[in-house]
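Student: I would like to go through this structure with you and ask how each label is justified.
Tutor: Then let us look at it together.

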Amino acid sequence: MSLIYDLHCHSTASDGSLTPTELVELACRNNVDVLALTDHDVTHGLHEAWQQARENDLEFIPGIEISVSWRHQTIHIVGLGIDPDNPVLLQGLDSILDFRQSRAEKIAERLEKAGIAGALEGAEKFAGGEILSRTHFAHFLVEQGYARDIKQVFKKYLVRNKPGYVPGQWAELEDALNWIKAAGGIAVLAHPARYSISTGRLKEFIAEFKELGGVAIEVVSGSHSQEEVFRMGELAKYFGISASSGSDYHGPNNAYRELGYLHQMPSQCQPVWETEHWLEMIERLKA
Ligand code: AMP
Ligand code: MN
Ligand code: MN
Ligand code: MN
């Protein structure tokens with residue numbers, strides 16, 4: 001039987017609702033064999049998860065999901081096998097955290113103008129870590145009865161052309177890839193079917209990503225339909241780039257998929273865990 005690789009999920013260190021310890025415990029219950037924790041723009045949860053994984057004999061990959069702006073589009077890049085304390089990575093992430101803070105203030109101002117008071121304090125209440133994400137605003141808005149669930153509240157308030165939307169100014173692609181590399185990790189394009197860009201644009205992105213050292217695209221994602229898994233599998237094959245797999249789990253009430261419950265990897269894909277890049281990354285982690 002093939003192993004279960006879940007290489008993308010979130011804890012309370014960013015916008016997930018389980019602590020790193022709870023996530024590792026859930027991964028064990030769900031028979032995950034290899035787990036990567038990939039919080040948005042922070043590494044704070046990784047030591048706790050790693051320690052818990054050691055105690056539970058779970059193979060753990062410390063990861064990150066970096067917010068990038070590419071041609072006015074927000075793109076997420078997952079780094080796998082990073083050193084959580086690498087100064088180059090941490091310094092890079094700091095610039096993103098600064099933007100997150102000022103954006104959160106602007107989101108709250110905009111919501112205030114739309115008649116919703118106290119959103120900054122409200123969102124902070126849902127943030128367990130050091131970052132403020134739109135997800136935290138979403139939890140606040142649902143709590144206040146502005147929508148029935150997270151999905152609905154994004155649609156009504158938090159996406160482009162809605163009252164609580166502020167455009168992102170995230171990291172440059174090349175910088176994000178350099179930080180991941182400096183920290184010993186390998187770069188994976190997160191949930192490629194989820195961006196609202198044309199296939200032509202997506203192809204241009206993947207070509208550039210590969211050229212700059214990106215090693216895989218997330219063919220299997222909790223946010224992809226079966227059809228999207230196949231389509232992304234075709235794209236990976238077309239570019240000769242390997243394929244990754246992750247649920248993008250955020251917690252019990254906010255999940256695309258349950259942790260560890262994933263579509264099968266299409267047979268034409270080369271899984272990232274069967275590449276040289278992966279083996280070298282594992283060696284670095286053990287060193
Ligand atoms: P941010 O990085 O703060 O802009 O927030 C992005 C996060 O919001 C993503 O990582 C998702 O967890 C969440 N998100 C974005 N769009 C949606 C949506 N349509 N429904 C539910 N969650 C979403
Ligand atoms: Mn998220
Ligand atoms: Mn993402
Ligand atoms: Mn994610």
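Student: Which element gives the largest share of the lining of the largest pocket?
Tutor: In this predicted model, that element is H6, with 6 residues. Helix H6 (150–158) is one of the elements that give two or more residues to this lining, and strand S4 (73–80) is another.

Student: What makes a residue part of the lining of the largest pocket?
Tutor: A lining residue has an atom within 4 Å of a pocket point. For the largest pocket 39 residues line the space, and among those nearest its centre are Arg134, Phe154 and Tyr256. The space is about 1,300 Å³.

Student: How do the residues of that lining divide into nonpolar, polar and charged?
Tutor: There are 11 nonpolar, 17 polar and 11 charged residues. Arg counts as charged, so Arg134, one of the lining residues, belongs to the charged class.

Student: Why are Glu65, His76 and His191 called donors of the manganese ion (ligand 3)?
Tutor: A donor is an N, O or S atom within 2.8 Å of this metal. The OE of Glu65, the ND1 of His76 and the NE2 of His191 lie 2.1 to 2.2 Å from the ion, so they are donors by that cut-off. Glu65 in strand S3 (59–70) and His191 in the loop between strand S5 and helix H8 are 126 residues apart.

Student: Are Glu65 and His191 buried or exposed?
Tutor: Both Glu65 and His191 are buried, which means under 20% relative accessible area.

Methods. Residues numbered from 1 in each chain as written. Chains lettered and ligands numbered in written order. Predicted model: local features only at pLDDT ≥ 70, side-chain atom pairs only at ≥ 80, totals over all residues. Heavy atoms only, no water. Donors = N, O, S within 2.8 Å, 3.2 Å for Na, K, Ca; no water. Helix = DSSP H or I, 4+ residues; strand = E, 2+ residues; numbered from the N terminus. Buried < 20%, exposed > 50% of the residue type's maximum accessible area, 1.4 Å probe, protein only. 1 Å grid on protein atoms, 1.4 Å probe; cavity = no way out; pocket = protein on both sides within 12 Å on 5 of 7 lines; lining within 4 Å. Points joined across faces, edges and corners; volume = space filled by probe spheres on them.
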